[in-house]
Structures are given as structure tokens and as C-alpha cells.
Amino acid sequence: MNSADFKKLVAEGIPETLPEPGEYDTGLNHAPKRKDILNVDEKKLAIKNALRYFPEKFHKVLAVEFAEELASYGRIYMYRFRPSYEIKARHIDDFPCRTKSAAAIMLMISNNLDHAVAQHPDELITYGGNGAVFQNWAQYRLTMKYLSEMTDEQTLVMYSGHPLGLFPSDKDSPRVVVTNGMVIPNYSSKDHWEKFNALGVSQYGQMTAGSYMYIGPQGIVHGTTITILNAARKISRRDEGKGVKLYVSSGLGGMSGAQPKAARIAGVISVIAEVNPKATGTRHSQGWVDEVFSDMDRLVARLREAIADGTVTSIAWQGNVVDLWEKLADEKIFADMGSDQTSLHNPWAGGYYPAGLSFEESNRMMSEDPDRFREEVKKSLVRQVAAINRHTAKGTYFFDYGNAFLLEASRAGADILKTGGEFRYPSYVQDIMGPMCFDYGFGPFRWVCCSNDPSDLAVTDEIAAETLSGLMKRAPDEIKQQLADNVHWIKEAARNRLVVGSQARILYADAEGRILIAGAFNKAIRDGRISAPVVIGRDHHDVSGTDSPFRETSNIYDGSRFTADMAVHNVIGDSFRGATWVSLHNGGGVGWGEVINGGFGMVLDGTDDTDQKLKKMLYWDVNNGIARRSWARNKGALFTVRKEMERTPDLKVTVPYLADDDIVEQAVNKIQNR
Ligand SMILES: NC(=O)c1ccc[n+]([C@@H]2O[C@H](COP(=O)([O-])OP(=O)(O)OC[C@H]3O[C@@H](n4cnc5c(N)ncnc54)[C@H](O)[C@@H]3O)[C@@H](O)[C@H]2O)c1
């Protein structure tokens, strides 16, 4: 297809004549059939809602077709309207537009729906099983049409994938404002999502799916590398001078599969258990796992050898993680660090496979005898915790990886609670990400080269490495290590070959680092060293972007971790400081109703105007969270907020006075003993 034809099709919107119904592509990974949650009247409403996108002349045909889709898949995806062209990131000039900002957004949307990137591309789902860019193909078509027509004086309003329309604004406004899954708080149970989504009025945007900011597996590899590096560092302070460390965990699935790759980059030996041979095979063929063992004695022998030689290798144990923990304890193999990444947020329907049953037996039992399956899961968790406790008694550092392991193990009656009723082990955000990264402003800054050209990405890597190396020379001790890790990461990034889809990169940086890198990119675009605009953005899993009491804000201890002011303010503040688009979501990572998160995208076009915007916006985007974290008395954030106020006389943050615990205790004793 030539460029003019492609542009015409992208700008077409809803076609004048009905396209032929396409085949259901069995070669693709499709979303599971959703729950049949609507009553008859609601089904009629869902069909009427879907027909709103089409002229009346099509309704007779489409009503029957949409009813069939609803019955077969639990949703109306409008498969017939999937475009005939390949959806993927391309050069920004390939997209039809009247403003480059809109073309950059089209590039980002296209990347999120690329077959090589998206989990269920035909259902417009990018990752996490339900992380949607749009609810149906009519929304995709209309959005691309609006973007192709938009000027620099209009803003496109997106309600959970539905393009409400183009509204007059001005050149300094965001070009797109996105919300996903925003509902009245009392209507935020999982079944509410099922229902509203089936009606076609709301969607789960996850974090970077519904905000067009997903960049493939690179993000999760980087985050996991930072976690494992810092976990290793925590224990090396206790255990200086020991050889190569051993990390034991489970899961070689979507996110968990990053563990062996990340451990290798972090210079740590890893053994990851995986019950599903298909998942193990994928990671092995991809080169993310070096060796696979299904014989426990051979695995133990290989581990002893690797530990003795100090050989960094990543090993998959093809079997249950419970058997692995038990065997390593029996054989007295010391695991320096451990975690778990089975999908325990979904324990009864395939997220966790109990020990003592084969993979196939479990799959059968969970549908044929779900009550017994539940009991098996609980028994297995009790055994798993008992084995982990044997290791931690010898000094293993164990942490929860945001998968509800501690929660489900405690519900199963495992020995996982301390005497005060708290969990024996910390979560990765409480212990690592929060105090070591977020409280100092370090978070997942990312960018995408709109030329779609790897040589531009190489230039940005160089610029980012130079910028962070320069910062490191004058950085205070508190953040030197974070900077060093990211300089190392960015220097190795090209060699690790993690680009899938758009020409994107991620690293962790604080406000100063993000501003300097973005400013240097903008200058390089102006000077012609980078050939086209660059989009900057971030994962919502960041300093200020997300209020999530059991993850991103789990290390907030002033009682405010169930509030969401920070995430909401962040998006509002970004929107009037120069973001090209902003988004705010209910749900993401830990589930609908459990988290509010938001993000932004900004197009760097080499202009002086953009220089000003990027400074203002990135400064707020990080320091909003620093101010909140410091008000919660977090040590690192108190350090950072003072540093930022010194750097910027206009910043005046309310800083807490720190109460003496004895004074408070005496005061409370007085009223209690009355
Ligand atoms: N990696 C991260 O940074 C991160 C962050 C937050 C949360 N999480 C959580 O981690 C969990 C895993 O995410 P995912 O995308 O990889 O899910 P996934 O379902 O794709 O992968 C989990 C894997 O664990 C395997 N498994 C289940 N029970 C097992 C057992 N007993 N022994 C061995 N293997 C077993 C499954 O076969 C599956 O392949 C989720 O709950 C996710 O929310 C991960």
C-alpha cells in the first residue's frame, strides 16, 4: 500500500459502505470470553449503544452481528471494522495530520495495537489481560479520523476509548485528554467493570495501555532489573564481600518472565520455577532464560557448580515453585534473595498452580471441581510459606512482588504473620522501590523516536548517558547509586536488544535528570542531530502518577495511602504546564477500584516553546509526589524536597514538623487511661 492510500484509510473514519466481515484470526492471541453479565434489557442497550457509531442504513445487519458478538465473546468488538492495513509505529510523516502532535499520538496508539506488541490485538487490548486502548474498532477509526483533522487549537476528549469530540482550545492546551474507567466510587467493583464494559460505556485502561504509552517488554525488564539490583544491595550491606548472589522466584509469564533476564543484567544467578512448559519454552527460545531443568538433582548439581564458580546464569526449574523451595532448603543451598510472581491476584482460576498436582490435573480440577481446587491452592501456599520460612531463618531476604502473595498466603492460613498481625515480609515498593527510588524522585522516564529510526534511538541513548554521567559527578551521595545504575543500563541498553515495536527507551531518573535529558533531546532535534520529534512520557508506576495503597503508595504511613489526591492533581497540573496529552485511570496493575493512576505524553519538536514547557511540566510531574511523600514524613522525600527548594526559590512546600514518639505516646496514654 502506498503512503497516500495509507493516509486516506487512516483518515477515513467510519466507512461509507460496509466492509466485508473479516475472518476470526485463530493465529492471534484472543481475549478470553467475558462473563455473561447483562440481562436482556441491558443486552438491548449494549447493541443500541454500539449502533450509535453507524448510519441507520447499516443497523439491520450490524444489530444481528453485534448481538452474536455479545453472545460469543461477552463484548461487542465490531471485528468487521478492523482496518485492512497493518497497525504499527511508523515514521511520524506517514500519518495524515494538520499538527505533528496529533501524528505523534497516532504513532503511539498504533504501537499499542501492533500485533508484535499487543496481547490481544483484535480486542484492542495491549497488556494485562484487560488493558484496553479502545473498546471497539469504531472508536479506533473515529479517533484516528479526529486526530488526522485536528488543528493546534482543538482538544480531543476521550471517555474510556470513546472519542467524545474535538473541542476548541488553544495551542498551549493538551491536544488530547483521556480518562479511563472513571466511575462514581461506590460503583467500582469488578462486576461493575464487567457490566459497564459490556454496555460499551467504560473500559479498563491499565496504566500505559489506555494512555498510549506502552513500549513493550523493555519497561518491565528495566523495572525488574532496578528491583533486583537494589534488593541485592540491601543485603550486601549486611553481607559484604560475598560472591555472586542467588535469586529464587517463580513465574515465566507476561511480567514475571522478565526476572531471569533482569537478574542476568543485575549480575545475579537466578532460578525461576514455572509449571507451564509453554511459558518456559517461550522465555528459553527468546534467550531470556539460559538453562532449563526438569530433573531436580541435576538442577541442584548445576546450581552448586554456578555458585562455586561465580557464573552468572539464569535457570528455569520446569516444575512447581513449592518443590523448588523445599528441595533447596533440604539441600542447604542458600538463596540470598527470594520472591514470588505467580499470578496470585487471580488465585482460583489459573493464577496459581498447587504443588502435588500436574499442570494438566490443575487445569481440569479448576473447572470440574473448583472447591477442591481452592483447598489445594491453600494447602500449597501453606507449604510454600513453610519452606520460605526455613530459608529466611538462615538469612534469605524475601519480598512480595505486588502479586498478592502475602495476602493470599495469609488468607490460606500460612505462617506469614508477625505477632502484631503484620506480614513477616515486606512488599517490593515498601522496601525497595518506595524508599530507594520514588522518595528520591527516581521513576520510569521513557521516550519514543518519531522517525521510527534505530539510529535516532542510538543518538538519544548517547545523549542520555552523557547527561546522567555529568549529573553523577556532582550528585549528593544519596542518589549517586541510582544514577550509576541508570548510566550502566543505558550504556548496555542497545546490546540487550529489548526494542519491540516503536523505537523506545526507558530509564529511571529524578526531576533534574528528566529535565536535562528532555532538554538535550529538544536541542538535538533543533540542531538536526535527531531527525524527527521525540515523544517523552513515563509509566504510571512512578513517584507521583499513582495512588495505590498496596503498591506505589504502600510506603506512605501517615494514613493517606487510601486517598488519591496526588494522582488526580498530577494529571491536572501536567495538563496546564505543557503536556501534549494527559490521562487519568481507575484501575491498573492491582485491579479496578484499587488504584487511581495517570500519565502524560509530550512531543519534543525542537522549539524554544517546548524548552519552557518541558521544564515546567517535568518539574511538577515529579515534585508533586515528592512534596506528598515528604509530608508523609518519608526520609528520602524530605531530603529531596529540601534539595529542590534550594534549587528553585519559587518552590515552597509545606514541610512537616516531626513529632517525638514519646510525647505522642504519653498524650495517648493519658486519654486511654482515663
Ligand atoms: N514484574 C513486576 O514488576 C510486577 C509488578 C507488580 C505486580 N506483578 C504481579 O506479578 C504477577 C505475575 O504477572 P505475570 O504478568 O507474569 O502473570 P502470568 O500469569 O503471565 O505469569 C505467572 C506465571 O506463574 C506460573 N505459575 C503459577 N503457579 C505456579 C507455581 N505454583 N509454580 C510455578 N509456576 C507457577 C504460571 O504458569 C504463569 O506462567 C501478577 O500478579 C502481577 O500483577 C508483577
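**Reasoning about a ligand site and three helix pairs**

Me: In this predicted model, what makes the pair formed by an oxygen atom of the ligand and the side chain of glutamate 274 a polar contact?

Reply: An oxygen atom of the ligand is 2.6 Å from an N or O atom in the side chain of glutamate 274, and because a polar contact is a pair of N or O atoms within 3.5 Å, this pair counts as one.

Me: How do you know that asparagine 320 and glutamine 341 also make polar contacts with the ligand?

Reply: A polar side-chain atom of asparagine 320 lies 3.2 Å from a nitrogen atom of the ligand, while for glutamine 341 the distance from a polar side-chain atom to a ligand nitrogen is 3.0 Å. Both values are within 3.5 Å, so both pairs meet the cut-off for a polar contact. As for the ligand's surroundings, the protein covers 88% of the 860 Å² of accessible area that the ligand has on its own.

Me: Which residues come nearest to the ligand, and how does the shell divide by residue type?

Reply: There are 25 residues around the ligand, and Ser256, Glu274, Ser343, His345 and Tyr353 come nearest. The shell divides into nine nonpolar, 14 polar and two charged residues; glutamate counts as charged, so Glu274, which is among the nearest, belongs to the charged group.

Me: Why are helix H19 and helix H20 called roughly antiparallel?

Reply: The axes of H19 (residues 565–575) and H20 (residues 608–631) come within 9 Å and cross at roughly 160 degrees. Angles over 145 degrees count as roughly antiparallel, and therefore H19 is roughly antiparallel to H20. In passing H20, helix H19 makes a right-handed crossing.

Me: How do you know that H4 and H5 are roughly antiparallel to each other?

Reply: Helix H4 (residues 100–113) packs against helix H5 (residues 137–149) at an angle of about 155 degrees, with the axes 9 Å apart. This angle is also over 145 degrees, so H4 and H5 are roughly antiparallel, and H4 passes H5 in a left-handed crossing.

Me: What makes H11 roughly parallel to H13?

Reply: Helix H11 (residues 321–330) and helix H13 (residues 370–392) pack at about 30 degrees, and their axes are 9 Å apart. Because angles under 35 degrees count as roughly parallel, H11 is roughly parallel to H13. The crossing of H11 and H13 is left-handed.

How values were computed:
Residues are numbered from 1 along each chain as its sequence is written. This is a predicted model: local features need pLDDT of at least 70, side-chain atom pairs count only at pLDDT 80 or more; totals for chains, interfaces and linings use all residues. Side-chain values use heavy atoms; hydrogens and water are left out. A residue is near a molecule or strand if one of its heavy atoms lies within 4 Å of it. A polar contact is a pair of N or O atoms within 3.5 Å; within protein, one must be able to donate a hydrogen and the other to accept it, and residues adjacent in sequence count only if both atoms are side-chain atoms. Accessible areas come from the Shrake-Rupley method with a 1.4 Å probe; for residues, only the protein chains shown count as cover. Axes are lines fitted to C-alpha atoms, for helices over the stretch in contact, and angles run from 0 to 180 degrees between N-to-C directions. Helices (H or I, at least four residues) and strands (E, at least two) are DSSP runs, numbered from the N terminus. Angles under 35 degrees count as roughly parallel, over 145 as roughly antiparallel, 65 to 115 as roughly perpendicular and the rest as oblique. A crossing is left-handed if the near helix is turned anticlockwise from the far one by less than a right angle, and right-handed if clockwise.
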